[in-house]
Amino acid sequence: MTTWFDDDLRTLGEQHLLRRRRQVAPWQAPAELTPHDEALRATTYCVDGQERLSFGSNDYLGLSQHPALMAAAHAAIDRYGVGATASPLVCGHSPEHEALEAELAALVGLPRALYFYAGYAANVGAIPALVGQGDAVFSDALNHACIIDGVRLSRAEAHIVPHGDLAALEAALRSSTARRKLVVTDAVFSMDGNVADVPALLALCERFDALLMIDDAHGFGVLGPQGEGTLAHHGMAGVQGVAPAWQGRLDRLVYMATLGKAAGVAGAFVAGSPQAIEWIMQKARTYMFATAAPAHIAAALRAGVRVIRDEPQRRDHLQALRHQLQAGVGRGLEAGSAWRLMPSDTAIQPLVIGRNDDALAVMAALDAQGIWVPAIRPPTVPAGTARLRISLSAAHTTEQVQRLCEALQAAHGCKAP
Ligand SMILES: *Cc1c(COP(=O)(O)O)cnc(C)c1O
């Protein structure tokens, strides 16, 4: 009966597509953390028993180990216990969740926000709430897997638009006769690090009366003067509210961001007009039929939102590390090198190697030097563009980035055996 499991697992193995989990914990013990130790804990892991300097996490601001977030979670456990006990619409919605939503809405400058227990759940729930049979969705070819799944679940007609191609999007919108139209895109693309042209997308949506949904999983906390994300990066909205040029024009925008990356904890939120958010709350099945995240997660996030808003020095340091890496890698590569650091203003700095086995060989060479950078292969990225996805964190030091640059130089030219 079950032999097909063995057969199909063997096939996966033969295609070098079997994944293996590593057991990861902070290397540094938590006792009496100084700010320096706190940063060490966010970058230096015990991976399967060995010390590794990591450039693999999405902990872009180092908040996963921040004492204020940890203290807020401890205090909330003492007050609320550890479980939310039901979905938010039954009895899982606490005062911490309510306050968090108001604080998130204020940070991004939109009228209302709704918290979800995961980003995956937010996209898979919100997209089918916004469109259904008889409607059309226009989705960028490089969108995250959970947008793709949300589009499929919606049963709306799907148009996959070549990455960042505004002319192709315009043509597709023009030829559509669907009842409702939704354009959906990553705001910062997770494997490339580039930022979507949100003002141009919104202008197109205005012309063709479409909704726009952006997924800011990798921009929230990182971009914008106060970490408000991609809307502030483009001067559209932020802590100050909606910018004058965009007054009255953001009602057709649904903003989504995750809170397990730069915000350091877990979950996600959608934000937008009061009506759109009310509708999503009434209709998203992942909101209605899943147990809420426990209150201490929301409490930790509230502390995280304050750090994001009030500590711009974390973003300044992250930008300095990015320039250091770009200069260091640029110097290390000989002219004609096949390696290419993709242009990115974000914490995601992909180094394209090319062949799958070469990327794995470089990852192994770095690992031998105690540095962990994940290699990303097709189908996650296009064939022939296997890469190291270097992700920087404000918790990294300039010495650590220097170490990475030197290790990359030593590994350069490294080929699969
Ligand atoms: C990580 C990610 C998600 C999923 O968020 P989770 O909170 O991890 O479920 C959604 N969209 C993008 C672009 C992501 O990178």
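**Exercise 1. The nonpolar cores**

Task: In this predicted model, find which residues have the most contacts inside the largest nonpolar core, and work out where this core lies relative to domain 1 and domain 2.

Solution.
Step 1. The largest nonpolar core is made up of 94 residues. Those with the most contacts inside it are Phe220, Tyr255, Phe269 and Leu388.
Step 2. Helix H13 (residues 295-310) supplies the largest share of this core, namely eight residues.
Step 3. Residues of the core come from both domain 1 (22-54 + 312-411) and domain 2 (70-310), so the core lies between them.
Step 4. Take Leu388 and leave aside its neighbours within four places in sequence: Leu388 is then in contact with residues including Leu351, Ile353, Val362, Met363, Leu366, Val373 and Leu408. Gln349 and Pro350 are also among its contacts.
Step 5. There is also a second, separate core of 24 residues. Ala126, Val151, Leu182 and Met256 are included in it.

**Exercise 2. The two domains**

Task: State how many residues of domain 1 and domain 2 are in contact with each other, and give the separation of the domain centres.

Solution.
Step 1. The protein is divided into domain 1, built from the segments 22-54 and 312-411, and domain 2, covering 70-310.
Step 2. Taken over C-alpha atoms, the centres of the two domains are 28 Å apart.
Step 3. Across the boundary, 19 residues of domain 1 are in contact with 20 residues of domain 2.

**Exercise 3. The ligand**

Task: List residues that surround the ligand, then identify the partners of its oxygen and nitrogen atoms.

Solution.
Step 1. The residues around the ligand include Ala118, Gly119, Tyr120, His144, Cys146, Asp186, Asp215, His218 and Lys261.
Step 2. A polar backbone atom of Gly119 is 2.8 Å from an oxygen atom of the ligand.
Step 3. An N or O atom in the side chain of Asp215 is 2.6 Å from a nitrogen atom of the ligand.
Step 4. For Lys261, an N or O atom of the side chain is 2.7 Å from an oxygen atom of the ligand.
Step 5. On its own the ligand has 380 Å² of accessible area, and the protein covers 80% of this.

**Exercise 4. Proline 378**

Task: Locate Pro378 in the chain and name the residues it touches, not counting those up to four places away in sequence.

Solution.
Step 1. Pro378 sits in the loop between strand S16 (375-376) and strand S17 (386-391).
Step 2. With residues up to four places away in sequence not counted, Pro378 touches Leu17, Asn356 and Ala383.
Step 3. Arg355 is 23 residues from Pro378 along the chain, and their C-alpha atoms are separated by 9.9 Å.

Conventions
Residues are numbered from 1 along each chain as its sequence is written. This is a predicted model: local features need pLDDT of at least 70, side-chain atom pairs count only at pLDDT 80 or more; totals for chains, interfaces and linings use all residues. Side-chain values use heavy atoms; hydrogens and water are left out. A nonpolar core is a set of buried Ala, Val, Leu, Ile, Met, Phe, Trp, Tyr and Cys residues joined through side-chain atoms within 4.5 Å. Buried means under 20% relative accessible area, exposed over 50%, partly exposed in between (1.4 Å probe, protein chains only). Helices (H or I, at least four residues) and strands (E, at least two) are DSSP runs, numbered from the N terminus. Domain bounds come from an automatic or database domain assignment. Contact means heavy atoms within 4.5 Å. A residue is near a molecule or strand if one of its heavy atoms lies within 4 Å of it. A polar contact is a pair of N or O atoms within 3.5 Å; within protein, one must be able to donate a hydrogen and the other to accept it, and residues adjacent in sequence count only if both atoms are side-chain atoms. Accessible areas come from the Shrake-Rupley method with a 1.4 Å probe; for residues, only the protein chains shown count as cover.
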